[in-house]
Amino acid sequence: MIDLLRWYLAIEIIGLVAWPLCWRLCANLADRGYGLSKALGLLLVCYTLWVSSSFGFLGNDLGGILASLLTVAGLSLWALRRSGQDGRPFRTWTRENSRLIFFSEGLFLVAYIAWAIFRAYDPAIAGTEKPMEFAFLNGILRSDRFPPLDPWLSGYAISYYYFGYVMLAVLTRLSGVPSAVGFNLGLASWFALTVLGAFSVTYSLMNAGRGAVERRLLPALLGPLFVAFLGNLEGLFEVLHSRGIGSPAFYHWLDVKNLDTAPVTSRWLPMDTWWWWRASRVIQDRDLLGRSIGIQPIDEFPFFSFLLGDMHPHVLALPFVLLAIGLGLNLALHGRQPTADNGQHYVLRNTHYALRITYCVLRNLVFDAWPMAWTGVLLYALALGALGFLNTWDFPIYLFLVAMAFGLRRAMESGLRRADEDVPPLALRLSSIIGDVLRVGVILGVLGFLLYLPFYLGFSSQAGGILPNLIFPTRLHQFVLMFGVFLVMLLGFLLTLTARLGWEEVLRRSLEWVPLTLGTPIAIAALAALLLQVTPGGRSFLQSVFARPEVREQIGDLSTGQLLMTIAMVRLRTPGTTLLLAVGLAWVLGLLRVRLDRPREHAADPITGYVLVMVGTALLLTFAVEWVYLKDTFGVRMNTVFKFYYQAWVLMALSSAYAVARIWRAEDGGRKTEDEERRTESEEGLSPSVYRLSSVVFILLSVVLVAAGLVYTIAGAYSKANGFRGEATLDGIVHLRRYQPDDAAAIDWLQVNIKGAPVLLEAPGGSYSPYNRISMATGLPTLLGWDGHELQWRGDRYGELTAGRPEAIERIYRTARGQELIDLMRAWDVEYLYVGSLEREKYHLTQASISRFEQTLWKVYENETVRIYRRPGPLEEDR
């Protein structure tokens with residue numbers, strides 16, 4: 001209980017020190033960014049620590065954390081002073097919005113405690129990626145500087161996007177909790193940060209233009225409900241299949257791997273242990289012979305991720321993804337002229353003259369249209385660049401979203417001209433807007449990269465370019481299984497907006513885009529296929545692919561032309577998802593075009609424009625993986641689908657929350673702003689009775705679909721927590737204490753008695769094996785850990801970096817004795833040798849063979865099955 005409280009207080013302190021700065025930065029959001037301030041504070045404190053430690057100014061210790069915290073607090077106080085009137089506007093806003101603040105804090109606390117309780121019934125840091133993530137956390141805690149040491153490849157730094165683990169380590173050290181407890185509290189707090197961030201963005205979407213008294217809190221809960229709690233529709237069919245409802249032919253057609261062979265128990269709750277896993281594998285790719293391929297796409301969604309309990313980068317990035325979305329909304333709502341308490345046009349008083357000149361030049365050449373001064377630019381670049389360090393795939397996605405939000409703001413400005421001013425022609429406005437969007441995107445991208453340059457200098461990626469996806473189209477019913485809840489809600493939103501803007505005009509504009517949305521990906525895939533055939537690198541890659549036995553079996557003696565015809569037939573037989581997404585994208589683009597044709601109407605309703613951009617981005621992400629994927633170690637589109645679908649879920653969820661709330665608000669007759677009254681009147685232009693009936697049907701259908709999605713949430717949580725039976729604990733190595741108590745006792749001893757980061761040799765194992773549990777739990781580096789993961793992180797350099805290590809480990813454990821043993825350990829900088837039950841089993845160590853260690857090394861720890869030896873120093877070898 002005390003650990004739970006200390007961790008919570010650490011997050012609250014970080015959030016409070018960043019709140020005034022967030023209030024200034026997010027001046028256009030309805031909550032002034034209060035729900036995003038904890039994420040922003042955590043980012044700023046950890047960035048300050050990381051960059052200062054990377055350059056040797058601070059240590060990676062409690063003193064460095066406190067110094068970073070004070071730095072952020074100083075920035076907030078400076079921002080508060082710049083708000084004028086001795087911070088009175090800030091205090092006035094806080095007092096007037098106290099209900100929102102208390103509600104937000106209550107929501108965060110409830111989500112935090114609820115998920116901590118869930119983790120207490122499923123605490124083990126075992127299975128899937130958890131050991132790797134725990135090793136990173138402990139490795140960072142063992143490192144005195146950055147980049148941090150890699151516990152599974154001694155002598156080298158982590159080659160992975162590790163910023164999220166820095167954040168976990170900062171909270172672990174600041175709160176003073178053991179890292180095994182901190183891992184589970186990290187999951188609870190990240191879940192709560194995701195819930196709060198989704199609420200903040202949704203609240204601002206729903207309440208833009210409303211005064212504090214008129215704003216509604218409860219409808220904004222749809223955001224966290226859809227983002228963090230909802231499951232996909234696969235869970236419903238799990239329950240129906242377990243109950244025996246539905247024919248075998250239907251489940252065979254559904255083609256969710258292993259669902260049709262799962263046990264039918266006549267019970268509503270599936271009984272096979274990992275049934276909930278299948279919801280993350282609903283997309284099944286099949287080869288040209290119709291066989292399921294070995295490595296299937298991953299289609300995780302946030303609730304599955306939190307249920308699984310892996311602290312993987314896509315999960316660690318979630319609160320900061322929501323921060324980026326909120327910053328994009330803040331930018332889209334920003335008016336050209338600053339208001340009295342806008343807070344984003346910082347005055348450069350008392351700044352060095354040369355810096356003022358430099359700033360003015362940059363502003364005129366680059367940011368003439370940017371509404372903020374240099375501090376706003378840096379904070380935006382810092383927040384977006386952090387995504388590259390947290391989960392690299394997210395950086396370009398949300399850079400695109402923020403740049404498009406800037407484009408919306410520029411389009412809005414053209415609608416804010418005085419009545420006696422002429423609005424420039426659309427072509428002229430578009431060229432100006434596109435130019436500004438490109439400038440802002442490039443500058444924020446470059447700054448976001450440069451601010452995190454030390455990370456990129458030491459980062460090796462497995463990514464090897466872009467490849468065409470020729471034979472794996474997503475089947476429509478599986479796409480609907482994944483996103484069906486949101487697709488229906490967004491369909492209602494687009495229909496409502498089309499009715500408002502005019503069916504004929506929207507249809508005409510949308511049809512103009514169909515050749516582009518459908519033809520462009522086909523052309524790109526064809527060009528990529530051509531380049532593979534005509535370039536030396538492409539031909540080499542194709543030869544390596546065609547040399548595989550499974551590929552030869554599929555293509556046989558087909559010529560290139562016959563192969564292309566076969567691929568075309570595969571595409572033509574499975575057109576559903578491609579057509580749906582192409583038409584959806586064209587529809588969104590058509591709606592945006594109609595709004596640009598009416599700039600003053602667009603200016604009166606910027607929220608709808610931003611939601612359309614979010615919807616369009618989500619559709620674009622899901623459409624992209626139908627045609628291309630990023631080449632990696634796995635050689636298939638598994639990771640590309642995973643990363644793109646995950647962000648599409650977040651964007652669709654927030655957009656759907658806004659869609660439902662907007663249509664419900666129009667239907668319930670509640671108090672509306674003038675803009676909402678105007679929208680409702682035009683939407684009801686269909687006829688009030690038809691609009692009202694369609695709204696009721698939409699709301700009822702949405703309720704049914706949400707209930708269907710929550711089937712997975714409820715059943716999955718109950719199953720994963722084993723019915724909430726057993727002893728509740730947040731200790732992540734409780735499984736070791738129960739089943740390997742001697743290893744657990746040795747880990748406790750090492751944590752207390754071994755300082756710094758000396759190399760401790762233990763038996764290595766393959767990925768997902770129970771080996772490397774000591775380096776995992778202590779952060780002490782070992783010669784070699786999970787080799788498959790190291791291969792992914794190191795790419796082509798893996799062989800070079802690990803050369804000689806497996807052979808040295810074998811010799812040390814099996815044959816080396818006397819001076820040879822000491823020399824081997826010294827050559828590989830091994831200071832401690834661990835001999836436990838796994839080492840005895842793997843290397844067949846008998847008591848006689850262990851005596852080699854007794855005669856040469858110093859025994860520093862012993863229990864029933866574990867011995868730890870230390871290599872003697874030069875002055876100790878003769879003793």
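Is serine 159 buried or exposed? Serine 159 is buried, because its relative accessible area is 1%, and a residue counts as buried when this value is under 20%. The model in which this residue is examined is a predicted one. Serine 159 stands in the loop between helix 6 (130-142) and helix 7 (163-175). Its side chain reaches the backbone oxygen of tryptophan 793 at 3.3 Å. If neighbours within four places in sequence are set aside, the contacts of serine 159 are Gly458, Phe459, Ser460, Trp793 and Arg794. The loop between helix 6 and helix 7 also holds proline 147. The peptide bond that leads from phenylalanine 146 to proline 147 is cis, with omega near 5°. Most peptide bonds, by contrast, are trans.

From this loop one may turn to the protein as a whole. It has 879 residues, of which 60% count as buried, and it contains 39 helices and six strands. Among the contacts with a separation of 6 or more, 77% are made by residues 24 or more positions apart. The accessible surface comes to about 34,400 Å², and carbon and sulfur atoms account for 64% of it.

The interior can be approached through its nonpolar cores. The largest nonpolar core has 254 residues, and the members that touch the most others are Phe163, Trp190, Ile325 and Tyr452. Helix 28 (residues 638-668) gives the most to this core, namely 19 residues. Phenylalanine 163 illustrates how such a member is surrounded. Leaving aside neighbours within four places in sequence, phenylalanine 163 is in contact with Leu43, Cys46, Tyr47, Trp50, Ala386, Phe389, Leu390 and Tyr452. Apart from the largest core lies another, of 26 residues, which include Ile812, Leu821, Leu838 and Phe853.

Two helices show how buried residues are arranged around an axis. In an α-helix there are 3.6 residues a turn, so residues three or four places apart point the same way. In helix 4 (residues 88-96), the buried residues include Pro89, Phe90 and Trp93. These residues lie on the same side of helix 4, because they cover an arc of only 100° around the axis. Helix 1 (2-25), helix 3 (62-82) and helix 5 (98-120) are among the elements that cover them.

Helix 36 (residues 805-814) offers a second example. Its buried residues are Arg805, Ala808, Ile809, Ile812 and Tyr813. Because their arc around the axis is only 120°, they too are on the same side of the helix. The elements against which they pack are strand 3 (759-761), helix 35 (798-802), helix 37 (818-827), strand 4 (830-835), helix 38 (837-843) and helix 39 (847-856). Ile812 of this helix is also one of the members of the core of 26 residues.

The next topic is aromatic rings. A pair of such rings is described by the distance of the centres and the angle of the planes. The count of aromatic pairs comes to 64. In the pair of phenylalanine 226 and phenylalanine 486, the ring centres are 6.2 Å apart and the planes stand at 50°, so the pair is tilted. This pair links distant parts of the chain, since phenylalanine 226 belongs to helix 9 (residues 222-229) and phenylalanine 486 to helix 20 (residues 476-501), 260 residues apart. Phenylalanine 226 counts as buried at 2% relative accessibility, and phenylalanine 486 is buried with a relative accessible area of 1%.

Arginine 286 is situated in the loop between helix 11 (248-254) and helix 12 (302-308). Its relative accessible area is 29%, so it is partly exposed. A polar contact of 2.8 Å joins its side chain to that of aspartate 255. Beyond residues up to four places away in sequence, arginine 286 touches Asp255, Arg291, Ser292, Ile293, Ile471, Phe472 and Arg475. Phenylalanine 472 is 186 residues away from arginine 286 in sequence, yet their C-alpha atoms are 6.7 Å apart in space.

Finally, two residues deserve attention for their backbone angles. Most residues other than glycine have a negative phi. Aspartate 829, which is not a glycine, has a positive phi of about 60°. This aspartate lies in the loop between helix 37 and strand 4, and at 53% relative accessibility it counts as exposed. Histidine 844, also not a glycine, has a positive phi of about 50°. Its place is the loop between helix 38 and helix 39, and histidine 844 counts as exposed at 61% relative accessibility.

Key:
Residues numbered from 1 in each chain as written. Predicted model: local features only at pLDDT ≥ 70, side-chain atom pairs only at ≥ 80, totals over all residues. Heavy atoms only, no water. Buried < 20%, exposed > 50% of the residue type's maximum accessible area, 1.4 Å probe, protein only. Helix = DSSP H or I, 4+ residues; strand = E, 2+ residues; numbered from the N terminus. Arc of directions from axis to C-beta. Contact = heavy atoms within 4.5 Å. Areas by Shrake-Rupley, 256 points an atom, 1.4 Å probe, with all protein chains shown as cover. Polar contact = N/O pair within 3.5 Å; in protein donor to acceptor, adjacent residues only side chain to side chain. Core = buried A, V, L, I, M, F, W, Y, C linked by side-chain atoms within 4.5 Å. Phe/Tyr/Trp six-rings, centres within 6.5 Å; stacked < 30°, edge-to-face > 60°.
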